[in-house]
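Q: Hey, can you walk me through this fold? I'm new to this, so plain words please.
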Amino acid sequence: MLFHSLHDLQSWKLRLALALKPINFESRIVDLSVPETNDEYRSFVKSGVLPALFIDGVCLPGSHAAMAYLEEMKYKGLALKPLLPRKIEERNEVRLLCAFL
């Protein structure tokens, strides 16, 4: 389950990472401007950080933490496409770009 916003860059990055893997997820759109609609989200994510990914019983608030988890996990025995390149120099470039965005 992914709690996310449609207009948030961090949510966009995590949705892209999930699509590249590819991992299916249940989408829960959160509109922080309408507090009364966010009770479910707040019950799961005490910190209030968006996006927040729940996968395999693990709560991962924030796009960078979730993407790092996705990169290292084995998803239901499947060989998933890596998000990062093999060469350390190229991985560093990807990380710099992610930090910039």
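Q: Which strands does α1 lie across?
A: α1 lies across β1 (2-4) and β3, running at about 150 degrees to β1. Helices (H or I, at least four residues) and strands (E, at least two) are DSSP runs, numbered from the N terminus. Contact means heavy atoms within 4.5 Å. Axes are lines fitted to C-alpha atoms, for helices over the stretch in contact, with angles from 0 to 180 degrees between N-to-C directions.

Q: Anything I should know about the model itself?
A: This is a predicted model, where local features need pLDDT of at least 70 and side-chain atom pairs count only at pLDDT 80 or more, while totals for chains, interfaces and linings use all residues. Residues are numbered from 1 along each chain as its sequence is written, and side-chain values use heavy atoms, leaving out hydrogens and water.

Q: OK, the sheet. What's the strand order?
A: The order is β2-β1-β3-β4, in an open sheet of four strands with mixed pairing. β2 (27-29) and β4 (58-61) are at the edges with a single partner strand each, so one side of each has no neighbour in the sheet. Two strands pair if DSSP finds at least two bridges between them.

Q: How do β3 and β4 pair, parallel or antiparallel?
A: Antiparallel, over four bridges, with β3 covering residues 52-55. F54 has C59 in β4 as its bridge partner.

Q: And what's in the loop between those two?
A: D56 is found there. Phi of D56 is near 55 degrees, a positive value in a residue other than glycine. Most residues other than glycine have a negative phi.

Q: Switching to helices: how do α1 and α3 sit together?
A: Their axes come within 9 Å and cross at roughly 10 degrees. That makes α1 roughly parallel to α3 (angles under 35 degrees count as roughly parallel). Residues making the contact include L14 and L18 of α1 and M67 and L70 of α3.

Q: Where are the cis peptide bonds?
A: One joins K21 and P22, with omega about -20 degrees, and P22 lies in the loop between α1 and β2. Another joins L50 and P51, with omega about -10 degrees; P51 is in the loop between α2 (39-44) and β3.

Note on methods
Angles under 35 degrees count as roughly parallel, over 145 as roughly antiparallel, 65 to 115 as roughly perpendicular and the rest as oblique.
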